Amino acid sequence: MESFHSWLSCWTYCFQDSRSQMASTITTFHSDVMVVMLFVVGFVLTILTRRTMLRIKAKETYQITHGAVIEIVWTLLPRLAVSRIALPSWTLLYSTDRVPGETQTPFDLTIKATGLQWYWSYEYGLDEVEDLAFESYMVREDELPQGRLRLLEVDQRLVVPRDHRIRVLVSARDVIHSWAVPSLGVKCDAIPGRLNQIFFLRNRRGVFHGQCSELCGTYHRFMPIIVERVSESEALAWLAEAARR
């Protein structure tokens, strides 16, 4: 299973590689917003440059007191830009809460992730094995195996089968946390006394890293998350072995 690691790249300034349809959609939306932003910035800089050059050449203050055309332009262009961003944003936001075919097909596996200061607790089970619950702590740097990532390795990974509909119920017991795995395009607040849900649909096989994304105290940075997607047979074998421990 180690050959399927999706290691993070060092010194990057953009998103992690997308490993799910939702992550790809989020990345595409971000690129579209950047195009609109560059157009707006370029347009404003062009107008400012032309105005500055006119003032330098005329050597006097040049003012526009009224003009129907320019008023129409500076009213319509911002509306078009906002619409270009808002409509895809609403669609994406809606899709994060709606599971395709949710009413027709039940989830294959439901997992509960609970945030605590400062580790994660997981509860899940399949028909083939008894219900399983365990806690996932960050591996200390002096105990880190060679080749593993500092501050991102855990002693117990969340192992799930690929090509299955996975639902994760997220909550917390003490303060607000956030269960986030960027490469899968999921981020869900863990709030005490409330259950939120996220889902995975037919993601690639591999190991995906995440962290708590809500400031939750002194050791907030020591709450990594690892989701490992394997074949169904490997997942069942791991669950059976974990249940015996």
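## A helical start, a strand-rich middle and a closing helix

Over residues 29–49 the chain is 100% helix and 0% strand, with the end C-alpha atoms 30 Å apart. That stretch is worth a mention because UniProt, in an unreviewed entry, lists residues 29–49 as "transmembrane region", an annotation that may be inferred rather than shown by experiment. Keep in mind that everything here comes from a predicted model.

**The chain as a whole**

Reading from the N terminus, you'll find the pattern α-α-β-β-β-β-β-β-β-β-β-β-α, made up of 3 helices and 10 strands. The chain has 245 residues, and 35% of them count as buried. As for contacts between residues at least 6 apart in sequence, 66% join residues at least 24 apart.

**The two helices at the start**

Helix H1 runs over residues 21–58, and Thr27 sits in it. Is Thr27 buried, exposed or something in between? Its relative accessible area is 26%, and because buried means under 20% and exposed over 50%, Thr27 counts as partly exposed. Setting aside neighbours within four places in sequence, Thr27 touches Phe15 and Ser18. Gln16 is 11 residues from Thr27 in sequence, and the two C-alpha atoms lie 9.3 Å apart in space.

Helix H2 covers residues 68–97. Ala81, Ala86 and Leu92 are buried in H2, and what covers the buried residues of H2 includes H1.

For the spans of H2 and H3, here are the numbers side by side:

| Helix | Residues | Number of residues | First to last C-alpha | Expected at 1.5 Å a residue |
|---|---|---|---|---|
| H2 | 68–97 | 30 residues | 44 Å | 44 Å |
| H3 | 232–244 | 13 residues | 19 Å | 18 Å |

In both H2 and H3, the span is close to the expected value.

**The sheet**

Which strands make up the open sheet, and in what order? There are 5 of them, ordered S3-S2-S1-S5-S8, and the pairing is mixed. At the edges are strand S3 (132–136) and strand S8 (196–201), each pairing on one side only. From one strand to the next, the twist averages 20°.

As a general reminder, strands of a sheet pair through backbone hydrogen bonds, either parallel or antiparallel. Strand S1 (residues 109–116) and strand S2 (residues 119–124) go for the antiparallel option, with 6 bridges between them. Within that pair, Ile111 of the one strand stands opposite Tyr124 in S2.

**The last helix against the sheet**

Helix H3 (residues 232–244) packs on the sheet, where it touches S2 and S3. Its direction makes about 85° with that of S3.

Which residues of H3 are buried? They are Ala235, Trp238, Leu239 and Ala242. These residues fall on the same side of H3, because they cover an arc of only 100° around the axis. The general rule behind such spacing is that an α-helix has 3.6 residues a turn, so residues three or four places apart point the same way. The cover over the buried residues of H3 includes S2 and S3 along with strand S4 (158–161) and strand S10 (224–230). On the face turned away from the buried side, H3 carries the exposed residues Ser233 and Arg244.

**Backbone oddities in the loops**

A few backbone angles deserve a look. Most residues other than glycine have a negative phi, and most peptide bonds are trans. Where does the chain depart from the trans form? The peptide bond from Gln117 to Trp118 is cis, with omega near 0°. Trp118 belongs to the loop between S1 and S2, the two strands that pair in the antiparallel sense.

Leu151 has a phi near 70°, a positive value in a residue other than glycine. You'll find Leu151 in the loop between S3 and S4, and with 24% relative accessibility Leu151 counts as partly exposed.

Asp163 likewise isn't a glycine, yet it has a positive phi of about 60°. Its place is in the loop between S4 and strand S5 (165–172). At 40% relative accessibility, Asp163 is partly exposed.

Conventions
Residues numbered from 1 in each chain as written. Predicted model: local features only at pLDDT ≥ 70, side-chain atom pairs only at ≥ 80, totals over all residues. Heavy atoms only, no water. Pairing = 2+ DSSP bridges. Helix = DSSP H or I, 4+ residues; strand = E, 2+ residues; numbered from the N terminus. Axes fitted to C-alpha atoms, helices over the stretch in contact; angles between N-to-C directions. Contact = heavy atoms within 4.5 Å. Expected span 1.5 Å × (residues − 1). Buried < 20%, exposed > 50% of the residue type's maximum accessible area, 1.4 Å probe, protein only. Arc of directions from axis to C-beta.
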